[in-house]
Amino acid sequence: MPKIIYPSHYSETDQAIYDDLLSRGETLIGKKLSENERFLLDLSAKITINQLKNYDSGYSADEINDMKKIHKEMANAGVIETPSNKFYDDIIELSDGSTFKHPLSFPAEYYYDKNKEEPKEEVKEEVQNND
């Protein structure tokens, strides 16, 4: 499980509520979550805490209805497309057809370990004296 970074304005009570909501969500789902699914749980927990604290988004009811209407119109017009499975598998496909794993899909430990390794080729620097 990735290290949780709480929003800076969360008190210890908010952090405990957040952890509890995530734990309950994972228990209700009953399976190991992918990062895409964990993101939705994270978002839901933060929204719930904001509602408990009576934080407001700043949008009026009319603005929210307008956003819903525009979203529905775009969906009906076919403007909104669901990404392919390659997106969810963290695969990037270039225009020439080549594919590779998205660099941000690797955990931080991967890059930490990779950067600890010595370079395969030795680079020798020659210092010139211009006396």
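Trainee: Let's start with Asp42: buried or exposed?
Mentor: This is a predicted model, so keep in mind that we're reading a prediction. Asp42 has a relative accessible area of 17%. The cut-off for the lower class is under 20%, so with its 17% Asp42 counts as buried.

Trainee: Okay, and which residues does Asp42 touch, leaving out those up to four places away in sequence?
Mentor: Asp42 sits in helix H2. With residues up to four places away in sequence left out, the residues that Asp42 touches are Tyr18 and Leu22.

Trainee: Let's follow Tyr18, then. What is its relative accessible area?
Mentor: Tyr18 belongs to helix H1. Its class is buried, because its relative accessible area is 4%.

Trainee: Which residues does Tyr18 touch, not counting those up to four places away in sequence?
Mentor: Asp42 is one of them, as is Ala45. The full set for Tyr18, again without residues up to four places away in sequence, is Ile4, Tyr6, Tyr10, Asp42, Ala45, Lys46 and Ile49.

Trainee: How far apart in space are Tyr18 and Ser44, C-alpha to C-alpha?
Mentor: In sequence, 26 residues separate Tyr18 and Ser44. In space, going C-alpha to C-alpha, the distance between them is 9.6 Å.

Trainee: Now the helix pair. At what angle do the axes of H1 and H2 cross?
Mentor: Two packed helices are described by the angle between their axes and the distance between the axes. Here H1 covers residues 12-29 and H2 covers residues 35-52. Their axes come within 9 Å of each other, and the crossing angle is roughly 135°.

Trainee: What does that make H1 relative to H2?
Mentor: An angle over 145 degrees would count as roughly antiparallel, and 65 to 115 as roughly perpendicular. The axes cross at roughly 135°, so H1 relative to H2 is oblique.

Trainee: How many nonpolar residues are in the contact of H1 with H2?
Mentor: From H1, the residues taking part include Ile17, Tyr18 and Leu21, and from H2 they include Leu41, Asp42 and Ala45. By class, that contact has 5 charged and 2 polar residues, and the nonpolar count is 9.

Trainee: And which hand does the crossing have where H1 passes H2?
Mentor: The pair is oblique. As H1 passes H2, the crossing is right-handed.

Trainee: What about Asn50: how does it count at its relative accessibility?
Mentor: Asn50 is placed in helix H2, and its C-alpha lies 9.6 Å from that of Asp14, although the two are 36 residues apart in sequence. The relative accessibility of Asn50 is 28%, so Asn50 counts as partly exposed.

Trainee: Which phi does Asn54 have?
Mentor: Asn54 lies in the loop between H2 and helix H3 (61-77). At 68% relative accessible area, Asn54 is exposed. Although Asn54 is not a glycine, its phi is positive, at about 60°.

Trainee: Last one, zooming out: what share of the chain do buried residues make up?
Mentor: The chain has 5 helices and 2 strands, running α-α-α-α-β-β-α from the N terminus. Its accessible surface is about 11900 Å², with 52% belonging to carbon and sulfur atoms. Of the 131 residues in the chain, the buried share is 8%.

Terms used: Residues are numbered from 1 along each chain as its sequence is written. This is a predicted model: local features need pLDDT of at least 70, side-chain atom pairs count only at pLDDT 80 or more; totals for chains, interfaces and linings use all residues. Side-chain values use heavy atoms; hydrogens and water are left out. Axes are lines fitted to C-alpha atoms, for helices over the stretch in contact, and angles run from 0 to 180 degrees between N-to-C directions. Helices (H or I, at least four residues) and strands (E, at least two) are DSSP runs, numbered from the N terminus. Angles under 35 degrees count as roughly parallel, over 145 as roughly antiparallel, 65 to 115 as roughly perpendicular and the rest as oblique. A crossing is left-handed if the near helix is turned anticlockwise from the far one by less than a right angle, and right-handed if clockwise. Contact means heavy atoms within 4.5 Å. Ala, Val, Leu, Ile, Met, Phe, Trp, Tyr, Cys and Pro count as nonpolar, Asp, Glu, Lys and Arg as charged, and the others, Gly among them, as polar. Buried means under 20% relative accessible area, exposed over 50%, partly exposed in between (1.4 Å probe, protein chains only). Accessible areas come from the Shrake-Rupley method with a 1.4 Å probe; for residues, only the protein chains shown count as cover.
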